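Here is a friendly walk through one molecular model, with the sequence and coordinates alongside. Please keep the viewer open while you read.

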Amino acid sequence: MRMNYSKFNKVEAIPEAASMIETFRAIGYSLETAIADIIDNSISANAKNIHINRLWRGGKSVITIKDDGDGMNGNELIQAMRPGTQNPLSDRSENDLGRFGLGLKTASFSQCRKLSVLSKRKGYIPVFWAWDLDYVAKSKRWELIQWMPEEFLNELDNMQSGTLVVWTDLDRILPLQTAETDENAKRKFSASLDKVKNHIAMTFHRFIEEKAIKIFWNEHEIEAWNPFCTNENKTQIRETEYINGGAIMKGYVLPHKNNFSTEQAYKKAEGINGYPAMQGFYVYRGKRLLLAGDWLGLFRKEEHYKLVRIQIDLPNKLDTVWQIDIKKSKAYPPIVCREQLGSYAKRVRNIGSEVYRHRGKILKQRAGEDFQPLWLEKKKDNKWSFVVNRKHLIIQDLKSLAKEKPEQAIEKLLNFLEETIPTKTIYINEAQGEETQTPPFSNVDPNLIKDVLVLMYNNQIAQGKTPAQAKALLKTQEPFNNYEGLIEEL
């Protein structure tokens with residue numbers, strides 16, 4: 001039913017400026033996601049070169065992001081500086097990386113108290129405006145001031161078009177009273193900015209690889225970091241699958257460490273947080289990475305799936321359906337897609353688990369002979385255990401050796417068993433929620449246990465122990481400590 005609003009009284013409820021901006025500051029950007037949001041604007045403005053610079057001056061340090069994109073004239077810049085300049089429900093071009101019209105402002109406010117923007121559209125003179133949060137708190141008004149640090153006023157003079165974003169009073173990065181001579185603060189500042197560099201290399205790797213843009217870090221070009229290691233010959237690329245609504249999914253299983261081209265390549269591929277943390281889905285929108293290494297609530301991160309990474313490409317028309325947040329760092333797949341995502345991921349995860357389990361080796365039948373593992377896995381009624389493969393060639397050879405040199409044969413057998421215990425498979429079974437191993441000798445004829453106990457008992461008596469002492473000793477020997485009843489019958 002349509003309401004007739006003309007019959008109602010009205011009153012403006014304009015949000016209080018300082019309080020609202022403090023709310024914007026609390027959205028939860030990190031330094032790296034904030035700078036990535038500014039780069040999004042540069043890409044949407046058709047920039048080809050983006051320069052990020054940091055100037056260490058203690059509490060007066062400065063961060064700048066400059067591009068050679070389309071730039072803005074005076075009215076366009078004022079519009080861009082207004083919070084909420086874009087309806088998130090409106091249709092957008094495929095290369096538009098924004099959504100809410102808040103990125104420039106909220107990303108900047110999350111890191112600094114003064115946001116200054118200098119912009120130049122082709123054929124126009126450069127224009128600049130600034131948000132000064134101290135002025136807003138004092139005036140309590142939604143007012144820009146026409147201010148720019150003097151040292152940057154001529155930054156765009158030699159360019160046809162472009163935009164410069166300047167962050168000063170970086171109160172969320174370091175205390176404003178920090179002395180320029182504070183070496184500890186300087187190291188922390190540098191470390192936090194280095195993390196930004198790695199984040200940019202990952203987030204915009206497809207743009208960089210396609211040479212659509214160049215991003216410079218203190219005048220050094222940033223090299224792309226591709227999470228899927230497509231340049232490695234042993235990377236397994238799985239089939240493409242289409243997801244309801246127009247999204248596309250493709251799985252990758254990275255090589256085992258043994259099969260990487262170089263140790264350096266293996267180290268680089270682990271990414272920002274290491275292999276276990278970087279497993280999972282990688283969600284992209286418009287070639288821009290939104291979410292890296294997350295199973296989207298479908299699975300836990302586990303060691304034996306650390307080589308699995310699955311790419312998902314979303315058109316920006318699915319922003320609302322996938323609940324893309326303001327920071328563009330979270331995504332939540334709709335319920336109708338979750339079963340398909342889980343089914344596809346399970347198939348890729350199984351392959352990744354095999355690569356992890358067998359150190360990347362492919363076990364093939366050769367010359368009509370079956371592969372013979374030293375340990376065989378047995379499973380019955382959700383109980384699993386491992387037994388030595390009696391058909392293995394080494395067991396046959398050691399039996400022959402035992403006839404002449406029993407002590408040497410036993411020692412070699414023990415060494416081989418110690419070196420080949422299937423620890424990775426045991427770990428995987430436990431992590432997947434399988435039941436605990438079958439207790440020792442639970443499936444063995446009790447007469448065999450008795451025979452071994454009698455042999456050990458008689459040996460102890462022969463060595464001078466009393467029956468009570470021999471039985472007490474046997475009760476301390478694993479796995480016979482589980483069979484005290486049989487020991488007491490000796």
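The report below goes from a sheet to the nonpolar cores, then to a helix pair and two loop residues.

This is a predicted model, in which local features need pLDDT of at least 70 and side-chain atom pairs count only at pLDDT 80 or more, while totals for chains, interfaces and linings use all residues. Residues are numbered from 1 along each chain as its sequence is written, and side-chain values use heavy atoms, with hydrogens and water left out.

**The sheet**

Let us start with an open sheet of 5 strands, ordered β8-β9-β12-β10-β11 and mixed in its pairing. Helices (H or I, at least four residues) and strands (E, at least two) are DSSP runs, numbered from the N terminus, and two strands pair if DSSP finds at least two bridges between them. The edges are formed by β8 and β11, each of which pairs on one side only. On average, neighbouring strands of this sheet are turned by 15° against each other, direction ignored.

Strand β9 (residues 247-253) has 5 buried residues out of 7, so it is largely enclosed by the rest of the structure. Buried means under 20% relative accessible area, exposed over 50%, and partly exposed in between (1.4 Å probe, protein chains only). On one side, β9 runs antiparallel to β8 (residues 236-243), joined by 6 bridges. Here E241 stands opposite M249, and T240 stands opposite K250. The two strands make a hairpin with 3 residues between them, and G245 in the turn has a positive phi of about 105°. β9 also pairs with β12 (residues 308-314), again in the antiparallel sense and over 6 bridges; in this pairing G251 stands opposite I310.

**The nonpolar cores**

A nonpolar core is a set of buried Ala, Val, Leu, Ile, Met, Phe, Trp, Tyr and Cys residues joined through side-chain atoms within 4.5 Å. The largest one has 58 residues, and I35, I39, I63, L115, W167, I200 and I215 are those with the most contacts inside it. Beyond its neighbours within four places in sequence, I215 is in contact (heavy atoms within 4.5 Å) with residues including I39, I50, F204 and H220. A second, separate core holds 33 residues, among them L291, V308, W322 and A345.

**A helix pair**

How do α11 and α12 lie, roughly parallel or roughly antiparallel? Helix α11 (residues 393-404) and helix α12 (residues 406-420) pack at an angle of about 155°, with their axes 6 Å apart. They are therefore roughly antiparallel to each other, a term for angles over 145 degrees. Axes are lines fitted to C-alpha atoms, for helices over the stretch in contact, and angles run from 0 to 180 degrees between N-to-C directions. Among the residues that meet are I394 and L398 in α11, and L413 and F416 in α12.

**Two loop lysines**

Neither K211 nor K287 is a glycine, yet each has a positive phi.

| Residue | Phi | Loop | Relative accessibility |
|---|---|---|---|
| K211 | about 60° | between α7 (205-209) and β6 (214-217) | 73%, exposed |
| K287 | about 70° | between β10 (280-285) and β11 (288-294) | 36%, partly exposed |

Terms used:
Parallel < 35°, antiparallel > 145°, perpendicular 65-115°, else oblique.
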